[in-house]
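Colleague: I would like to go through the reasons behind the labels used for this model. Please give me the value and the cut-off each time.

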Amino acid sequence: MNIKDCLADFQIPQYLHYMDSAATSLMPEPVIASMNEYDRQYRANVGRGMHRLTRFATQRYQDAHDKVSGIIGGEKGTTVFTGNTTEAINMVAAGLDWQQGDRVVTTVMEHHSNLLPWLRLRQKGVEVVIIKPDSEGIFKIEAFDEAVTADTKLVAISHVSNAIGTIQPVREIAAICKERGAYFLVDGAQSVPHFPVDVQDIGCDFLCFSGHKMLGPTGTGVLWMKAEIIYPLMVGGGTVDDVDIEGSAEGYTLTSGYKRYEAGTPNISGAIGLAKAVKYLKNLGMDAIFRHEQKLTEHLLSGLAGINNVNIYGSLDPENRVGVVSFTIDRIHPHEIAYLLDERAAILVRSGDHCCIPLMKYLGLENGTVRASLYLYNTLEEVDLLIETIKEIARMA
Ligand code: PMP
């Protein structure tokens, strides 16, 4: 299948120009069908019984873990299903053994979901060091070299900024972490859906991402771990090998693998849908998806660069970024621009702080930005329409 052909699998682009995929992507028909099939034909709990439906559902649920591991090169690791990226990051923050004086290094560009869980650790006496980028939103590797000291327990950074789309040098940062003995967590919410990401190649300890931003259902996310480093956030049904109330101090023995971290009945249809989404992306090819998005991004950036009163944020080099394009128009509030794009041209974009209040403050953007975020179902014609409509709006300024 090629990218042009996949358009028929999405209904919303047939009447709206959806450019808010950094928030949540659309979902193709085969993914919807796979979830319906579970609910209609083999709905049962997983890992908890011997009857035919539970055995079949369990098999599919396990296969889903393998498929999702596969897309990030994580066969040797543990891929845990979570509700979203936020939950995955919080699981790491809550599951490590923090000591007074430990240090976390992160950046001013993080989504609140990759910032607040670390800031909260200040309550435990953990020092949180926040690195700042250059004017294009790229971090100098020297800044990490300086900040990652011997008492740094963890470094956490977004692979790609959800606010300005820039790609960060995660491999170089991983090398510094390895040298200093710090864990490295990569927030892959905006990278895994858009280009090939390989945990072995990066050399990280944790990779967190959301299924709903990569053609999967809402309520799905992933925590990949190099090893079972963290203590589970929740314990209960499905997480133990044995319970012996009079036995060990805890009275139970946790099982190994992903089950240790997935307490209670999971989002089974969500996992099956996410696995189907991964298969769909793989069929198209992550390289081909990235190339398609780069073409659209280049076109959008050069179109916007020629418009008076329009300011673009982040790197202008399509090699350094994904199709998350943030801009402002002088004297018009970002919310008004988003509203006008919808009213005039049925173009759906995001506006505001993008859950990145520290970055907006750092950039001096009190009202935030307008963010158009592109994905495989967007076309050059849609980008042209966006540019033309922004031209009209900018003339009003
Ligand atoms: N990190 C980044 C970089 C994101 O873009 C997002 C979603 N906008 C999140 C974390 C949080 O994802 P979720 O809402 O799925 O938990």
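Colleague: What makes the approach of the Thr-107 side chain to the backbone nitrogen of Met-109 a polar contact?

Modeller: The side chain of Thr-107 reaches that nitrogen at 3.0 Å. A polar contact is a pair of N or O atoms within 3.5 Å; within protein, one must be able to donate a hydrogen and the other to accept it, and residues adjacent in sequence count only if both atoms are side-chain atoms. The value is within the cut-off, so the pair counts. The Thr-107 side chain also makes a polar contact with the side chain of Glu-110, at 2.5 Å.

This is a predicted model, in which local features need pLDDT of at least 70 and side-chain atom pairs count only at pLDDT 80 or more, while totals for chains, interfaces and linings use all residues. Residues are numbered from 1 along each chain as its sequence is written, and side-chain values use heavy atoms, with hydrogens and water left out.

Colleague: Why is Thr-107 called buried?

Modeller: Its relative accessible area is 0%. Buried means under 20%, exposed over 50%, and partly exposed in between (1.4 Å probe, protein chains only), so Thr-107 is buried. Thr-107 is found in strand β3, residues 103-107. Strands (E, at least two residues) and helices (H or I, at least four) are DSSP runs, numbered from the N terminus.

Colleague: Why is Ile-245 called exposed?

Modeller: The value for Ile-245 is 73%, which is over 50%, so the label is exposed. Ile-245 lies in the loop between β9 (240-243) and β10 (252-254).

Colleague: Which residues make a nonpolar surface patch with Ile-245?

Modeller: Val-240 and Val-243 join Ile-245 in a patch of about 290 Å². Patches are made of residues with over 30% relative accessible area and no salt bridge; nonpolar side chains (Val, Leu, Ile, Met, Phe, Trp, Tyr) are joined within 5 Å, like charges within 9 Å.

Colleague: What makes the contact of Arg-350 with Asp-20 a salt bridge?

Modeller: A salt bridge is a side-chain nitrogen of Lys or Arg within 4 Å of a carboxyl oxygen of Asp or Glu. The N to O distance between Arg-350 and Asp-20 is 3.2 Å, so the pair counts. The two are 330 residues apart, with Arg-350 in strand β14 and Asp-20 in the loop between β1 (17-18) and α1 (29-41). Asp-20 is buried because its relative accessible area is 10%, whereas Arg-350, at 35%, is partly exposed. Both belong to a network of salt bridges that also links Arg-371.

Colleague: How many salt bridges are there in the whole structure?

Modeller: The search finds 11. One of these joins Asp-102 and Lys-153 at 3.6 Å, N to O. Asp-102 lies in the loop between α3 (85-95) and β3, and Lys-153 in strand β5 (152-158), so the pair ties together parts that are 51 residues apart in sequence. Both residues are buried.

Another joins Glu-392 and Arg-344, whose closest N and O atoms are 3.1 Å apart. This pair links helix α12 (380-395), where Glu-392 sits, with helix α10, where Arg-344 sits, 48 residues apart. Glu-392, at 35%, is partly exposed, and Arg-344, at 44%, is partly exposed too.

Colleague: What makes the phi angle of Ala-346 worth a note?

Modeller: The phi of Ala-346 is positive, about 55 degrees, although Ala-346 is not a glycine. Most residues other than glycine have a negative phi. Ala-346 is found in the loop between α10 (334-345) and β13 (347-348). Cys-355, in the loop between β14 (350-352) and α11 (357-362), also has a positive phi, about 60 degrees.

Colleague: How do you know which residues surround the ligand?

Modeller: A residue is near a molecule if one of its heavy atoms lies within 4 Å of it. By that rule 14 residues surround the ligand; the closest are Thr-86, Asp-187, Gln-190, Ser-210 and Lys-213. A polar side-chain atom of Gln-190 lies 2.6 Å from a ligand oxygen, and a polar side-chain atom of Lys-213 lies 2.8 Å from a ligand nitrogen. The protein buries 88% of the 400 Å² that the ligand exposes when taken alone; such areas come from the Shrake-Rupley method with a 1.4 Å probe, and for residues only the protein chains shown count as cover.
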